[in-house]
Amino acid sequence: MNLTKRLLMSLALVLPVTTAAQSISQSQIEQFKSMPRAQQEALARQYGVDLDSIAGSASQQNQRPQNVNVVEPVDAISDEERERARQEQDNNEEQDRKNGGLKPYGYDLFVGSPTTFAPVTEIPIPNDYTLGPGDILRVQLWGKENQQLELPVSRDGTISFPQSGPQTVAGLTFDQAREQIKKRVSEQYIGVQASVSLGELRSMRVFVLGEARNAGSYTVSSLSTITNALYVSGGIKRTGSLRKIQHKRDGELIGELDLYDLLLAGDTSDDNRLQPGDVIFIPPVGDRVGIDGEVYRPALYELKNGTNLQELVNLAGGLTPQAYPQLVRIERNNDDFLRIIAEANLTTAKGKQAKVKPGDRIEVASISDITGQYVEVKGAATRPGKFAWVPGMRVSSVINNLDTDLVPVADQRYAALVRTDPKTDEVSVLNLRLRDAIQNPGSEQDILLEEQDRLLIFSDAGKVDGGEEGRNFTRQQLFSPVLQRLKAQAKPGAPQQTIQVTGPVRYPGEYPLPASRQVADAIYVAGGLKDSASLYTAELARFGVDDEGTGKTRIQNLNLQAVMEGQASVTLKSRDRLLIKSIPEFARAKTIELNGEIRYPGQYTIRNGETLGDVIKRAGGLTDNAFPEGAVFTREKLRQLEAQRLREAEERLQGDLVGVQLEGDDFGGENAKRTQQVQDLLEEVQDSRPVGRMVINLASVVESDDYQPIRLQDGDTLTVPVIPQSVSVFGEVQFPTSHLHTQGLTVDDYLDRSGGPTRQADQERVYVVKADGSVMLPEKSRWFGGRSQQLAPGDTIIVPIDVDRLNQLELWTNVSQIVYQMALGAAAVGNL
């Protein structure tokens with residue numbers, strides 16, 4: 001409390017004085033601020049001190065020149081800037097195309113540079129750092145008195161030290177200012193020592209000019225270097241030099257930065273620190289030369305002070321293992337401005353010292369481009385690509401383990417070897433039993449390889465799980481270019497060496513003619529026979545020319561089993577088509593589904609010619625609760641036929657709807673209402689689903705041998721409901737619903753219980769769908785005289801719409817068919 005009083009007393013004494021901020025230490029002010037607000041106000045009233053004055057004095061102590069934002073944030077670029085960026089990108093792409101795809105090296109360094117720039121300041125301050133207005137010195141006093149001071153350098157270059165007046169530090173190095181402050185503290189404060197560090201740094205304005213992306217003046221931190229300023233300006237345009245960036249001060253060149261030193265060697269020794277008013281000038285790009293081929297960084301490189309071929313290769317990252325250094329092609333302009341090609345050998349001193357010239361395009365050749373001493377593996381291999389060929393090597397030399405050298409989806413049984421004749425440049429295909437070759441190295445199956453042989457490893461369809469890996473290595477994909485080559489090299493006397501294999505083989509398609517010309521080998525290439533293949537017969541179609549020179553096809557039947565066992569020999573020829581036949585009705589399981597009141601319901605397999613009665617006997621017959629009169633028997637073919645008819649009726653109804661809409665006022669002003677009625681009917685038709693029901697008498701099927709047998713088809717379904725207790729009324733009645741069946745009630749009785757027909761009802765065409773799906777039409781002499789027919793449980797009364805109200809239209813035929821179909825579907829669903 002004594003400290004607080006002393007603080008407030010000192011505040012009260014010194015606040016009116018202009019030097020008040022120098023008489024109160026920062027630690028005292030902070031201690032006062034830490035007190036509760038009520039206590040601060042009480043003490044302030046006691047000593048007559050204004051709290052706002054204390055806060056104001058504290059803020060004045062830390063005043064410093066405000067830094068300007070380095071770069072104003074950009075939330076959205078303008079249309080003009082966006083268009084400029086697009087044009088620049090288009091120009092760059094056009095230049096890349098002219099240069100054969102080569103891009104200038106190093107300019108990607110500034111891709112994605114930030115829109116705002118704040119260089120890192122939390123780094124050790126060098127002792128030779130020159131202080132200036134805006135810097136803040138942090139002085140920590142300890143010993144007899146403990147204080148933490150922050151002293152900004154004012155615009156006149158001084159700092160205001162408490163109780164000792166201003167001290168000039170501008171123009172001094174940080175080390176010099178630190179020693180002066182420590183000396184002053186030791187002289188004026190007895191028993192107090194000081195530690196001086198540098199706090200926030202001042203900002204300064206520099207200029208980035210020339211081929212900068214956004215040339216102009218920028219405010220940066222006093223620790224900024226040339227590269228920092230380049231980032232601020234958005235980097236260097238492709239038209240600017242990366243190797244001769246000039247650093248100027250007061251109009252004089254004081255340094256030059258080569259960004260290649262930074263990019264290639266990490267050398268920042270020339271990345272000088274900037275001072276206020278410095279200029280960074282980016283001159284136009286110098287001479288460039290392009291290098292491509294087997295180097296690690298193909299690009300356009302800027303030349304400097306004369307560059308030889310070896311130095312250029314070093315700039316490009318050196319040669320790859322596939323490089324052929326004895327042949328380096330140099331494309332350049334001669335004195336007559338003609339493009340010529342020269343060669344150099346990088347294995348000789350003369351070749352390494354060869355000077356490159358502006359505009360040169362240098363290409364380092366690949367080994368595979370120079371020598372044929374290689375073999376290639378393509379397809380489902382772990383390590384596809386080219387391998388060095390040596391005399392005597394075999395297939396097992398490049399594929400020696402089926403598990404580690406092949407991908408999991410690979411076909412380990414068969415591979416193909418594509419060989420090119422060095423004399424005629426024609427290709428041929430050798431079939432390879434891959435597993436036999438790898439498991440028996442040096443055997444006849446382990447074929448000797450020749451230069452430029454291509455080994456094709458195919459995928460196995462049984463191992464592919466739907467990914468892209470196996471799809472790219474199918475027989476069709478890998479054989480496609482080979483087949484094109486075989487067809488292209490065909491000529492008179494040397495016919496096209498291809499055949500086709502179709503039928504139940506694993507991979508039917510077109511294949512190169514096997515070297516053995518045997519049918520068994522052709523089937524092996526196609527993946528082998530499926531279990532549905534018939535061994536009794538096959539068909540060979542052969543194209544030939546008769547004695548009159550006309551093309552003719554002959555058919556030859558084969559005993560496939562004898563051919564496969566080697567008991568019969570058939571030699572294949574050019575363009576032969578081998579058809580493997582399937583076993584008739586092989587593995588075609590026909591089923592019927594029995595549901596409902598069947599003793600043993602389920603899906604039953606049926607034999608050819610089996611009847612519904614036979615299957616019901618196999619299923620144990622009907623249960624005691626079964627209602628055979630309401631059984632629903634559906635057939636897939638009937639459902640498809642009904643669907644087709646409903647589509648046709650829907651199309652006709654849509655055409656009639658257009659006719660209604662075009663009738664206009666001929667309907668006495670009720671055209672809109674009648675149009676809506678037709679639309680409602682059309683929607684009902686569209687919502688209808690075909691059932692495919694066939695009306696049967698199930699009781700006769702089960703009990704009578706004289707009833708016509710129902711021969712079953714695949715996909716048939718029988719559903720036997722329980723004994724029903726209801727009669728349903730659907731269609732144009734007030735309340736469509738189902739009623740409990742009561743013995744003795746007639747059609748009129750049930751209609752009355754549903755509220756009677758609506759205004760749109762056609763009472764002359766009311767009909768009943770019986771439980772078995774049959775339709776009972778009205779007998780005019782009795783139906784309309786009282787409709788005395790009695791109904792049975794499960795029956796459905798249908799009251800259709802009166803389509804005759806839509807006069808001038810021939811809709812009755814279309815609509816009656818549609819309503820009839822809908823009634824059958826509704827009855828079937830209601831009885832299940």
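Q: Buried means under 20% relative accessible area, exposed over 50% and partly exposed in between (1.4 Å probe, protein chains only). Why is Asp175 called partly exposed?

A: Asp175 has a relative accessibility of 29%, and the class between under 20% and over 50% is partly exposed. This is a predicted model, where local features need pLDDT of at least 70 and side-chain atom pairs count only at pLDDT 80 or more, while totals for chains, interfaces and linings use all residues. Residues are numbered from 1 along each chain as its sequence is written, and side-chain values use heavy atoms, with hydrogens and water left out.

Q: What makes Arg178 and Asp175 a salt bridge?

A: The term asks for a side-chain nitrogen of Lys or Arg within 4 Å of a carboxyl oxygen of Asp or Glu. In this pair the closest N and O atoms are 2.8 Å apart, so the pair qualifies under that cut-off. Side chains of opposite charge can pair when their charged atoms come close. Both residues belong to helix H7 (residues 174–188), where they are three residues apart, about one turn of the helix. Helices here are DSSP runs of H or I with at least four residues, strands are E runs of at least two, and both are numbered from the N terminus. Like Asp175, which is partly exposed, Arg178 is partly exposed, at 22%.

Q: How do you know that Asp258 and Arg243 form a salt bridge, and where do they lie?

A: Their closest N and O atoms are 3.1 Å apart, which satisfies the limit of the definition. The pair links distant parts of the chain, 15 residues apart: Asp258 is in the loop between strand S9 (252–257) and helix H9 (259–265), and Arg243 is in the loop between helix H8 (226–232) and strand S8 (245–249). Asp258 has a relative accessible area of 5% and is therefore buried; Arg243, at 10%, is buried too. Both residues also belong to a network of salt bridges with Lys304.

Q: What makes Arg607 and Glu610 a salt bridge, and is each partner buried or exposed?

A: Here the closest N and O atoms are 3.4 Å apart, so the criterion is met again. Arg607 is exposed at 57%, whereas Glu610 is buried at 5%. In total, the structure holds 24 salt bridges.

Q: Why is strand S30 described as largely enclosed?

A: Five of the five residues of S30 (residues 716–720) are buried, so the rest of the structure largely encloses the strand. Both faces are covered: Asp716, Leu718 and Val720 are buried on one side, and Thr717 and Thr719 on the other.

Q: How do you know that S26 and S28 pair with S30?

A: Two strands pair if DSSP finds at least two bridges between them. Strand S26 (residues 590–596) is joined to S30 by five bridges and runs parallel to it, with Ile592 opposite Asp716. Strand S28 (residues 632–634) is joined to S30 by three bridges in the antiparallel sense, and Thr634 stands opposite Thr717. Both counts therefore pass the threshold for pairing.

Q: What makes S7 and S9 edge strands?

A: Strand S7 (216–221) and S9 each pair on one side only. They belong to an open sheet of five strands in the order S7-S6-S10-S8-S9, with mixed pairing. Within this sheet, S8 and strand S10 (residues 279–282) pair in the antiparallel sense over three bridges, and Lys248 stands opposite Val279 in S10.

Q: What makes a group of residues a nonpolar core, and which members touch the most others in the largest one?

A: The members must be buried Ala, Val, Leu, Ile, Met, Phe, Trp, Tyr or Cys residues joined through side-chain atoms within 4.5 Å. The largest core has 59 residues, of which Leu434, Leu455, Ile457 and Phe479 touch the most other members. Strand S18 (residues 410–420) gives the most to this core, with six residues. Apart from it lies another core, of 41 residues, among them Tyr107, Ala299, Leu312 and Ile330.

Q: Which residues does Leu434 touch?

A: With contact meaning heavy atoms within 4.5 Å, the residues that Leu434 touches include Val395, Leu402, Leu406, Tyr414 and Ile457, not counting residues up to four places away in sequence.

Q: How many helices and strands does the chain have, and what share of its residues is buried?

A: The secondary structure comes to 25 helices and 35 strands. Buried residues make up 41% of the 832 residues in the chain.
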